[in-house]
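Trainee: I should like a close look at a single part of this model, with the local geometry set out residue by residue. Please add whatever lies beyond that part and helps to place it in context.

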Amino acid sequence: MAKVKVAFFCTNCGAESPKWMGQCPSCREWNTLVEEKVVKSKNDRVEQQANWRQVGNGAAAAAAGPIGKGPRPVRLDEVTAGEVERMIAPDRELNRVLGGGIVPGSIVLFGGQPGIGKSTLLLQLALRLGKRVLYVSGEESEEQIKMRADRLGGKADSCYLLTETNTDKLLKHAATLKPDLLIADSIQTLTSPHVDSMAGTVSQVRECAAELQRFAKESGIPVFMIGHITKEGSIAGPKLLEHIVDAVLQFEGDRNYTYRILRTLKNRFGSTDELGIYQMEAAGLREVSNPSELLLSERDENLSGSAVCATLEGMRPMLIETQALVSAAVYGNPQRSATGFDLRRLSMLLAVLEKRAGLSVGNQDVFLNIAGGIRVDDPAIDMSIIAAILSSAQDVMVPPNLCFAGEVGLSGEIRAVTRIEQRIQEADRLGFRGIYVSKYNTKGLDPDRYSIRIHTVATVRELFDALFA
């Protein structure tokens, strides 16, 4: 007989509690405990008790001989580390984010807003991988997936569809088919018969992810899972879900724009600084190998209030356009608006301009926009924002062949930024004639290596004089 137990699970960290409490004792979050039923069979309990007795009688068990056929403790110097042969995907951006390809036996979690393109990306991978792929969907029918596959194109003879939510049946089909890759869309729709609760609950998500993890590690078949996210932007389910998997990839972007960014939040087999850039088209997601040219393609060279920044997204240098508009506030209190940039940092930059450069914007509206719908957190964008605001306030155009890379401090100083050589090389490759950097970035920098002219400034006032004096 199966014994039904009621327990309370934290929706934030997945911790279990025997009773409801207002605050989770593990992560200290408030009002996160939810009640769920847990079914545990009698056989599982007997086996667990036997294991505890075996652990308790360790000396007798050691004298009797080896314990079963499972893994045993091994000294670290006896372990031989071989080079893992990765599965190379036809998607270069995905290979970059994963650290060079798909690792056998790995389990990867994809998260992102609804409609951002998670299912499209993985179905596109399944159709173009050229290997046997099992695509499991608990959200769409076979006909719906077929319609999307016809639009994406690719080889459909190696892609197998399964519309199933029961993990036992799913894993049996996977063991019979023996695919090279298993895709689960999504983890929140799967249910395990060993847990008596609805799909998407903390216990179900945790159990289903653990079963898929065991399958991946024992069979060597990589598993890709799609995960829903909450309204706060975090992946739905317990935090334990992100600890179980080997890599967590976040697919983000504005649905009003065509660009999509695939970021790495966790990766046990590569760097977390890499990111992939895609463009959504009618035939699916297209890889963007040179995002700078696309982001600067619609730039008008004869208008004020525009400046180009040499920024870094992860490890990739990119040139993006910053646009600013400064106008008289005729409708009451001055407005401050920023798209793709932190509004509080914009307020700080305006205060620095007023204090250190003598630009009075207290009675003026200031609007800032990062072209292309991309959100930038790189501090090196500060100097281009300063230049765009000064250009709009003075109504004087910044020369179109100039770009900027520098952080602005509270004292008005231009601070050094990281990887300045990569930024200069990207600007040089795209044909820019000059780049403004901090004078503290010139240590160890050889200007003769580049055809672009490197201008150095130390303060905001020096930048103002160099551009508009």
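Mentor: What follows begins with the annotated span and then turns to other sites. The model is predicted, and every value below is computed from its coordinates. The unreviewed UniProt entry places the feature "domain: RecA family profile" at residues 83–229. Such an annotation may be inferred rather than shown by experiment. In the model, the C-alpha atoms at the two ends of residues 83–229 are 35 Å apart. Helix accounts for 39% of the span and strand for 17%.

Consider the aromatic contacts. The count for the structure comes to 4 aromatic pairs. One of them joins F110 and F224, with 5.4 Å from centre to centre and 55° between the planes. An angle over 60 degrees would be needed for an edge-to-face label and one under 30 for a stacked label, so the pair counts as tilted. F110 belongs to strand 4 (residues 107–112) and F224 to strand 8 (residues 223–227), so the contact ties together parts that are 114 residues apart in sequence. Both F110 and F224 are buried.

Helix 4 (residues 118–128) is mostly covered, with 10 of its 11 residues buried. Among the buried residues of helix 4 are K118, S119, T120 and Q124, as well as L121, L122 and L123. After helix 4 comes G130, which has a positive phi near 80°.

Two further backbone features deserve attention. K178 is not a glycine, yet its phi is positive, at about 55°. K178 sits in the loop between helix 6 (167–177) and strand 7. With a relative accessible area of 63%, K178 counts as exposed because the threshold for that class is over 50%. The second feature is the peptide bond from D185 to S186, which is cis with omega near 5°. S186 is found in the loop that links strand 7 (181–185) and helix 7 (202–219).

Other sites offer points of comparison. The rings of F251 and Y278 have centres 6.0 Å apart and planes at 80°, so this pair is edge-to-face. F251 is in strand 9 (residues 247–252) and Y278 in strand 11 (residues 275–281), so the contact links parts that are 27 residues apart in sequence. F251 and Y278 are both buried.

D395 has a positive phi of about 55° although it is not a glycine. The loop that holds D395 runs between helix 11 (382–394) and strand 17 (402–405). D395 is exposed, at 60% relative accessible area.

Finally, the cysteines. The search of the whole structure returns 0 disulfides. For C309, the nearest cysteine sulfur is that of C403, 8.2 Å away. A disulfide requires the sulfur atoms to lie within 2.5 Å, so C309 is in no disulfide. Likewise, C403 is in no disulfide, and its nearest cysteine sulfur is that of C309. C309 has 0% relative accessibility and therefore counts as buried. C403 is buried as well, with a relative accessible area of 0%.

Note on methods:
Residues numbered from 1 in each chain as written. Predicted model: local features only at pLDDT ≥ 70, side-chain atom pairs only at ≥ 80, totals over all residues. Heavy atoms only, no water. Buried < 20%, exposed > 50% of the residue type's maximum accessible area, 1.4 Å probe, protein only. Helix = DSSP H or I, 4+ residues; strand = E, 2+ residues; numbered from the N terminus. Phe/Tyr/Trp six-rings, centres within 6.5 Å; stacked < 30°, edge-to-face > 60°.
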